[in-house]
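Ready for a few hands-on exercises? Have the sequence and the 3D view open side by side, try each task yourself, and then follow the solution step by step.

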Amino acid sequence: MIKNYLKIAWRNLLKNKASSIINIGGLAVGMAVAVLIGLWLYSELSFDKSFPNHDRIAQVMQNQWINNETDTWNSQAYPLGPDLRNEYGADFKHVIMSSWTDNHILSYADKNLKESGNYMEPGITDMLSLKMIEGSRNGLNDPSSILLSESTAKAVFGDTDPMGKIIKIDHNNNLTVKVTGVYEDLPQNSSFGDLTFISPWQLLVKDQHYDTRFNNPWGASWFQTLVQIVDNANMSKVSDKIKDLKMQDLVRTNNSDARFKPVLFLHPMNNWHLYSDFKNGANTGGRIQYVWLFGIIGVFVLLLACINFMNLSTARSEKRAKEVGIRKSIGSMRSQLIAQFYSESMLIAVLSFLLSLLLTQLSLPFFNDLADKHIQMPWGSTFFWLAGIAFTLFTGLIAGSYPALYLSSFNPVKVLKGTFRVGRLAAIPRKILVVLQFSVSIVLIIGTIVVFNQIQYAKNRPVGYNRNGLVTVPIQNDVIGKQSQIVRNELMASGVVASLSQSGSKISDWYPSNGGFKWEGKDPALQENFKSLVITPEFGKTVGWQIKEGRDFDPSRLSDSSAFIINEACAKYLGFKHPIGQTITWIGNGNYKIIGVVKDMVNQSAYEPIVQTFYFLGNHYWAKNNFEIRINANVSMHDALTKIGAIFKKYDPTTPFEYSFVDEDYAKKFDNEERIGKLASSFAGLAIFISCLGLFGMASFSAEQRVKEIGVRKVLGATVFNLWRLLSKDFIVLVVISLIIAAPVAYYFMSKWLMNFTYRQGIGWWIFAVTAVGAIAITLATVSYQSIKAALANPVKSLRSE
């Protein structure tokens, strides 16, 4: 019986080639989108799950009270690790103090490679369950050791055995280490995917650059603290236990940071990737919102493809009516007819799934590039194939449910007497489904326009400096740092540099936070928090900042070493009507006089308010670890960078010359939103394509069904335009109804999304107007071919049998 069902289903596919192509093609595209989104969702939901201890690993974070608001920090002071071990050792299997993963130069023989690594306490190897290829997890017990990832060991040593070899980190004599182990590369789909080497924490402690951070135990939070709770412990209970530990230590050591009332808590590894956002001390989600968003998009795009199948199957009901009547009259049960129609939908679903796998494989490179992922088709996964079978069955059942129940319900007497007519009411469910299709598509289109409009609005925000022709060169080690003045002199003499300066951070990066200030009129209850940037006097001229009051730094004035230049946000924060000449006491560092106010510069998120910031001149060469170089406008960028690179190589021949364009660094701030927008726009485009595919099939059937009516109208004098309008207006009405439904829905959800940004643009009326015009134009373009074709047909052919 099943074989017979499939044979009939196959014959029907071949008999109705146009509708079969539309059904299979539309369903395949919808299923391919669902498969791609499913793979992306699996990648997101399985992030960090490759570590066996993922459910017991956490990062120690803290909430602190600043001016009636709660800030959440993930960085900690270095004594926290020992204190946790001493006070709550029974609750933790491992407590790891760690630096932040950063780029470093690994030097061996004549090789100098830039790799990302970390300084960590030895227990990290067990915490992450490193799979050792050579050596053992105990390799970090040697304070002058290093563990390399497999790919890094291969890059540095080739086929030579790396064990026992000596490497220097960042050309620093204090950081000469011996390779004591090689571990398998960590999964890219994890928080440690870029961890290509690990060196002991104690090696960092003795590095002279970090003296101030270790000499002032609780005064600076520069590091991260990772923990693994014991097997029988509860994460939330342990988190509650440790919450007051830092506050107790600050009070005990009489540290002024106690005024911030820090509260520690554990942030589980399972939440690092998807729940990383905090507002006013509470977790507000993060990437999980995109998991939900694309999950819903995937369901709706698949639903659109299923609707096409339902509509085309039921639209052709009159042609299948006699078949149903004959089958029923010779004894077929309704359940058998339902089984037959379901077999047709299942056959189409299977063919569509196979085609969707091909489409998915072909589109994966583009999708990975768009989503910044490394997803591969899991051909060898049993789970994938089981999920694929379940997915195909589900799609076949959903797509075939309405046609099977509808077609099997026909009365055989009416059908065989020739009195059966589908009637106008039978088209209502199909119209409802078309409205649903276009409503979903229009919501996606409006959402995509709002996302890109918000991104463009933020991009056009005045940044307060000139990004064009500005290059940043990082100072990667002491070799250049100690000779920075000589390097600067030679760069200025090269003729390719208009101006240059040095600073403690990239101009477009986050600056360090500072507290501990006093000034006239300060509210005693105010818990001040400033961003700060150490610079050289030429910084303002180089970046092109705009002086609003006062003057710039002057290298000829010794007094400027105790001066601040502040931004406009800082002037408002301090409460000075006339800030120039006012004195600010930086507790522990002396008195500083304000000599200038500059226009606010965007250096953090372009969607958030400008933070109060001050700029000052620093004496330590290692605190100014970036060059800002303004390229001479009369020199080509290629020639300028070639000369600049040669000068850096002259003084540091072993370190690769690296640079970045400030305008490109700034553009990276929008990467996440642009990526989401591009993904959404791609899926919106596919949704429209699927909807139009169904609309084309419906228009084709409508023209076929009304061919005699069209012939009569032409004989009575109807023009091609009259007939085109007659056949198109029904579809236009459906799209207009879709617009009326979709507009408020899109407005509601996109308004909520925009609330995530302080600096945002409203949803303008033009967005809805553009979408409406576009949707109607696409609809007309889709149905016009069939409408005009029917209108141009010779009426003699359609009426000669009457």
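**Exercise 1.** Find out whether Y108 is buried, partly exposed or exposed, and which element holds this residue.

*Solution.* Step 1: recall the cut-offs, where buried means under 20% relative accessible area, exposed means over 50%, and partly exposed lies in between (1.4 Å probe, protein chains only). Step 2: Y108 has a relative accessible area of 24%, so Y108 is partly exposed. Step 3: look for Y108 in strand β4, residues 102–108. Helices (H or I, at least four residues) and strands (E, at least two) are DSSP runs, numbered from the N terminus. Step 4: go from Y108 to K168, which is 60 residues away in sequence, while the two C-alpha atoms are 6.8 Å apart in space.

Before you go on, two notes on the numbers. This is a predicted model, in which local features need pLDDT of at least 70 and side-chain atom pairs count only at pLDDT 80 or more, while totals for chains, interfaces and linings use all residues. Residues are numbered from 1 along each chain as its sequence is written, and side-chain values use heavy atoms, with hydrogens and water left out.

**Exercise 2.** Repeat the idea for F452: how far is its C-alpha atom from that of S681?

*Solution.* Step 1: find F452 in helix α16, residues 428–459. Step 2: with a relative accessible area of 31%, F452 is partly exposed. Step 3: the C-alpha atoms of F452 and S681 are separated by 9.5 Å, although their positions lie 229 residues apart along the chain.

**Exercise 3.** Work out which parts of the chain the salt bridge between K241 and D91 ties together.

*Solution.* Step 1: a salt bridge is a side-chain nitrogen of Lys or Arg within 4 Å of a carboxyl oxygen of Asp or Glu. A search of the whole structure finds 19 of them. Step 2: in the bridge of K241 with D91, the closest N and O atoms are 3.1 Å apart. Step 3: K241 lies in helix α8 (residues 235–242) and D91 in the loop between α3 (80–88) and β3 (92–98), so this pair ties together parts that are 150 residues apart in sequence. Step 4: check both ends, and you will see that K241 is partly exposed at 46% relative accessibility, whereas D91 is buried at 12%.

**Exercise 4.** Which helices are linked by the salt bridge of E490 and K650?

*Solution.* Step 1: the side chains of E490 and K650 meet in a salt bridge of 3.1 Å, N to O. Step 2: E490 sits in helix α18 (residues 484–493) and K650 in helix α21 (residues 637–651), 160 residues apart, and the pair links these distant parts of the chain. Step 3: E490 counts as partly exposed at 23% relative accessibility, but K650 counts as exposed at 53%. As an extra, look for E44, R287 and K373, which are linked in a network of salt bridges.

**Exercise 5.** Locate the largest cavity and sort its lining by class.

*Solution.* Step 1: rolling a probe the size of a water molecule over the atoms shows where empty space is left. On a 1 Å grid over the protein atoms alone, a cavity is a set of points where a 1.4 Å probe fits but cannot get out, and lining residues have an atom within 4 Å of a point. Step 2: the structure holds three cavities of 30 Å³ or more, and the largest has a volume of about 100 Å³. Step 3: its lining includes V473, P474, F648 and D652. Step 4: by class, this lining has seven nonpolar, three polar and two charged residues.

**Exercise 6.** Which elements give two or more residues to the lining of the second largest cavity?

*Solution.* Step 1: this cavity holds about 40 Å³ of space. Step 2: among the residues that line it are A699, L727, F731 and V783. Step 3: the elements in question are α23 (671–705), α25 and α26 (765–792). Step 4: by class, the lining of the second largest cavity has five nonpolar, three polar and no charged residues.

**Exercise 7.** Where is S129, and what is notable about its phi?

*Solution.* Step 1: go to the loop between α4 (124–127) and β6 (132–135), where S129 is placed. Step 2: phi of S129 is near 50 degrees, a positive value in a residue other than glycine. Step 3: S129 is buried, with a relative accessible area of 17%.

Conventions. On a 1 Å grid over the protein atoms alone, a cavity is a set of points where a 1.4 Å probe fits but cannot get out, and a pocket is an open set with protein on both sides within 12 Å along at least five of seven lines; lining residues have an atom within 4 Å of a point. Grid points are joined across faces, edges and corners, and a volume is the space filled by probe spheres set on the points. Ala, Val, Leu, Ile, Met, Phe, Trp, Tyr, Cys and Pro count as nonpolar, Asp, Glu, Lys and Arg as charged, and the others, Gly among them, as polar.
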